[in-house]
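The following note is offered to a colleague who is meeting this structure for the first time. The points may be read with the model open alongside.

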Amino acid sequence: MEENNQINNEGELNEKIAKLEKEKEDYLNGWKRAKADYINYQKDEMKRFTEAIKYGNLELIKELLPVLDSFELSYATMNAADEKTKKGFEIIHSQLEKVLSQNGLEKIKSIGEKFNPEIHESIGEVESDKEPETIVEEIVKGWKLHEKIIRPAKVKVAKQK
Amino acid sequence: MSKIIGIDLGTTNSAVAVVIAGQPEILENAEGNRTTPSIAAINKTNERLVGLLAKRQAVTNPKNTIFSVKRLIGRKFSDPEVQLDKKWLPYEIQASANGGVEVKMGDKWYSPEAISAMTLAKLKADAEAKLGEKIEEAVITVPAYFDDSQRQATKNAGEIAGLKVRRIINEPTAAALAYGLDKQKNEKIVVYDFGGGTFDISVLEVSSDTVEVKGTGGDTHLGGDDFDKRINEYLANEYKKQEGIDISKDSLALQRLKEAAEKAKHELSSAVETEINLPYITSDAAGPKHFLMKMTRAKLEELVKDMIDKSIELTKKTVKDAGFDLKDIDEIVLVGGQTRMPAIQNAVKNAFGKEPHKGINPDEVVALGAATQGGILQGDIKDVLLLDVTPLSLGIETLGGVSTKLIEKNTTVPTAKSQVFSTASDSQTSVEIHVLQGEREMAADNKTLARFVLDGIPPAPRGIPQIEVSFDIDANGIVNVSAKDKASGKTQSVKIEASTNLSKAEIEKLKQDAAQHSEEDKKKKELAEARNNAENLIYVSEKSLREAGDKISQDIKDAVNKKIEGLKSVKDGSDSQAIRSAIADLSAEIQKIGQEMYKNQPAGEPKQEPNQEPNQEPKQ
């Protein structure tokens, strides 16, 4: 009778140990995970911080692109006779481009290149003698800020006649 | 065990999220975007493109660019929906051997699950790159109305992409989960999901441990893209009316108009009026033409009113079909980018007479909810690991009865913080630490948690002793406060067990009190600070007079003393402006002491050593 009791107690004890071990394992795992998450978060935060500085101007530059477009359009429609004003526009334009390029903005090449969806967006096709998929017309200029495409060049590509 | 990601596999766009440190977070894709177009394509050189890249070539490669495949997945070719969609989808669709659907991309036929798998595989690969670890398991969401076959097909798509699909959950359930509504018992929830291309409405009922779908409805061909189209048409028509020029044939003009229309739509969610400004949009014989038009929020709302009304009608019908009254609904959740529009938020609010949940980004809420479900399956989000925050700020009383906070409210515990303070008068040998709880600026308005005295500080001029006060709150909210004199090493401390024994209502009341009194408290604090500055300046002035001795004339001494008296007479009053001006007067006057002393120095002689007295500014 007594022995039986003891075995019972031992059984209960083992059960309890198993339960506690499982609990310990759970807690330890949770702790490790939380710590790892935190360390990873710190690394991530550092990366995000660097990115934030590098791309701090992104939104502003993005908003400026349509202004630059308008500027170029206005130049294109200018009367050729007005040489002096035209020259002035050119200088302002290069001034503006210089500021933007110093801040990491770079024009995406398009006409004559092979269409590449990483940097180009196709919005139409044109019959041409050129090899298919060659860019023959640029509708909207594309821009890259450091490594990020902030606006793909919107282009028309060659199609066999 | 690798992390379980949550995927919102959408008709137009998809998103992926994962639980990081107990919170679901969206993972950016390789292009740096938070959503990925659900599009796959094969280009002319037989390369496979997925996501944004596939989208960028869709216009010139329509036959081999597969989008909206979610409309086809798990369906029979004979389904009326498939027959309907087949009419407008530009790629080829045919019946598969078993009566299902197949789509043609390049020169091969694919099942819709194989196409969805391409999107899923990209999401998986980008998530792995972002997390820097392998991903093997996922929770994927589907619309509540998906039947067994559609769910199975979605699951298969996951498996094809190399993911073990731990669970397929409903999109509205995921959204409710992201808002933590699964914990509310016996509630009825309506999820209003206005996406880019589809409108879904779902009625959910939360019981003890299940979320049951009681009804679904909506319109699979109504979405935010229709709004964009309306605005575009309106602008082009208006321009034609004003200038008589049709710009719908000019691809550059159209591109610029499309971008401007989308921008205007977004801006009108926060502003009531915006300007669409497109110089040199076109030209005619007379020269260049510009596009300049004001658009009001009212105009936008008028343009899309019928679509919003339709969505509300469908909502009412769905609730009724589910067997409920609109007033039975306890919570409403908004999902989908278009629900940022104030007119939609108001229409929903008016229909139910309740404010809908809208705090989480509506484009991301489903993926976040799926990640939350993944976290639960993983055991990441367990109650044991939920950490508390201190509901109210903790601090001590400092000179002038000001409450100086050491631990700000909403700080996650356990946490510890310490700061060095000093004495307020010369030869002060003991300091009283008065521990306070609350948001008010003055000590008297906050709750006293404890007081204790640290004595045995070696006598020294005021501001010299360094007394480090440390607060430590453990995970159970027990606060330990200790004060240590750095010179003598003497320490005193107190343990406060009942700091968080406040009910939610009490905490709320205290916070509101603080908000109500913030203006008046600020004034009191300013006054206390002005008095502190006054006392400090009087101390410094009297000391300078003593030290200057007979090096300065009696006239200057009298003038300074007069200003000191002047400051003393106002400093205990309650006019902080008067104190500040008396401080300014005295400050100007005492400069004369220095000026006089330098003037009296014979020219050419080396200048006196700088004042060697230690800085008398109080440390704190």
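1. In this predicted model, helix α5 (residues 171-178) of chain B packs against helix α10 (residues 365-378) of chain B at an angle of about 80°, and their axes are 7 Å apart. That angle makes α5(B) roughly perpendicular to α10(B). From α5(B), the residues B:Glu171, B:Ala174, B:Ala175, B:Leu177 and B:Ala178 take part; they meet B:Val365, B:Val366, B:Leu368, B:Gly369, B:Ala370, B:Thr372 and B:Gln373 of α10(B). Sorted by class, this contact of α5(B) with α10(B) has 8 nonpolar, 3 polar and 1 charged residues.

2. An open sheet of 4 strands in chain B follows the order β15-β14-β13-β18, and its pairing is mixed. Which strands stand at the edges? They are β15 (211-219) and β18 (331-335) of chain B; each has a single partner strand, so one side of each is left without a neighbour in the sheet. From one strand to the next, the twist averages 15°. Within the sheet, strand β13 (residues 187-194) of chain B and strand β14 (residues 199-206) of chain B are paired in the antiparallel sense over 8 bridges. B:Asp193 stands opposite B:Asp200 of β14(B).

3. Two helices lie across strands of the sheet just described. Helix α8 (residues 297-321) of chain B lies across β13, β14 and β15 of chain B, and runs at about 145° to β15(B). Helix α9 (residues 342-352) of chain B lies across β13 and β18 of chain B, where its direction is at about 160° to β18(B).

4. A further open sheet of chain B is built from 3 strands in the order β8-β9-β10, with antiparallel pairing. Here β8 (93-95) and β10 (108-110) of chain B hold the edge positions; each has a single partner strand, so one side of each lacks a neighbour in the sheet. On average, neighbouring strands of this sheet are turned by 40° against each other, direction ignored. Strand β9 (residues 101-105) of chain B is joined to β10(B) in the antiparallel sense by 3 bridges. In β10(B), B:Trp109 is the residue opposite B:Lys104.

5. Strand β19 (residues 394-398) of chain B and strand β20 (residues 402-407) of chain B run antiparallel and are joined by 5 bridges. B:Thr398 has B:Val402 of β20(B) as its bridge partner. The hairpin formed by β19(B) and β20(B) has 3 residues between the strands, and in this hairpin B:Gly400 takes a positive phi near 85°.

6. Is B:Pro80 buried or exposed? This residue lies in helix α2 (residues 80-88) of chain B. B:Pro80 has 8 C-beta neighbours inside 10 Å and therefore counts as exposed, the limit for that class being 12 or fewer. B:Pro80 and B:Ile189 are separated by 109 residues in sequence and by 30 Å in space, C-alpha to C-alpha.

7. The domain assignment divides chain B into domain 1 (4-179), domain 2 (225-302), domain 3 (394-516) and domain 4 (520-599). Between domain 2 and domain 3 of chain B, the C-alpha centres lie 61 Å apart. For chain A, the assignment gives domain 1 (1-54) and domain 2 (58-159). The C-alpha centres of these domains of chain A are 57 Å apart.

8. In chain A, strand β6(A) deserves separate mention. This strand is mostly covered, with 6 of its 7 residues buried. β6(A) runs parallel to β2(A), to which it is joined by 7 bridges; A:Glu125 has A:Val157 in β6(A) as its bridge partner. β6(A) runs antiparallel to β3(A), and 4 bridges join the two. In that pairing, A:Glu138 stands opposite A:Val155 of β6(A).

9. The last point concerns the two chains together. How many residues does the contact take from chain A and from chain B? Chain A gives 26 residues and chain B gives 19 residues. On the side of chain A that touches chain B, α1 (2-54), α2 (58-76), β2 (120-127), β3 (135-140) and β6 (153-159) each supply at least two residues. By class, that side of chain A has 11 nonpolar, 7 polar and 8 charged residues.

Key. Residues numbered from 1 in each chain as written. Chains lettered and ligands numbered in written order. Predicted model: local features only at pLDDT ≥ 70, side-chain atom pairs only at ≥ 80, totals over all residues. Contact = placed C-beta atoms within 7 Å. Nonpolar A, V, L, I, M, F, W, Y, C, P; charged D, E, K, R; others polar. Domains from an automatic or database assignment. Buried ≥ 20, exposed ≤ 12 C-beta atoms within 10 Å, placed from the backbone. Pairing = 2+ DSSP bridges. Axes fitted to C-alpha atoms, helices over the stretch in contact; angles between N-to-C directions. Parallel < 35°, antiparallel > 145°, perpendicular 65-115°, else oblique.
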